[in-house]
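Please open the model in your viewer and keep the sequence panel beside it, since this tour moves from the whole chain to a single residue.

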Amino acid sequence: MFKEFVSFDKMLTPTLIKVLFWIGVAFSVLSGLIIMLDGGFAVILGLITIIVGPLITRVYCELLIIFFKIHESLTDLNKKVDNLKQ
């Protein structure tokens, strides 16, 4: 496991992205609640922030994870091609 970590064979960032997603969701909900405290039209904006904020955060995190999935797939393909050459 330490060898994978040092040689960057196993990516650490996808796990961090999941943590950042939950931080983003919490931030969106708290921001929405704070916006709603102003009253009036701000209540609607707060609700929109509470609903749309986590969705945007999720899409952004999924796009980041896609890059790492592509990397994993290409690494697997590279290993398979190397095995075929032998």
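Begin with the whole chain selected: its radius of gyration is 20 Å, whereas a compact globule of 86 residues would have one near 12 Å, where the radius is taken over C-alpha atoms and the globule rule is 2.2 Å times the number of residues to the power 0.38. Turn the C-alpha trace along its principal axes, and you will find that it spans about 70 × 25 × 10 Å.

This is a predicted model, in which local features need pLDDT of at least 70 and side-chain atom pairs count only at pLDDT 80 or more, while totals for chains, interfaces and linings use all residues. Residues are numbered from 1 along each chain as its sequence is written, and side-chain values use heavy atoms, with hydrogens and water left out.

Next, switch to a cartoon view, where the chain shows 3 helices and 0 strands, following the pattern α-α-α along the sequence; helices (H or I, at least four residues) and strands (E, at least two) are DSSP runs, numbered from the N terminus.

Now select residues 13-36, which form helix α2, and pick out Ser 28 within this helix. Is Ser 28 buried or exposed? Ser 28 counts as buried because its relative accessibility is 8%, buried meaning under 20% relative accessible area and exposed over 50%, with partly exposed in between (1.4 Å probe, protein chains only).

Finally, display what surrounds Ser 28: leaving aside neighbours within four places in sequence, Ser 28 is in contact (heavy atoms within 4.5 Å) with Thr 49, Ile 50, Gly 53, Pro 54 and Thr 57.
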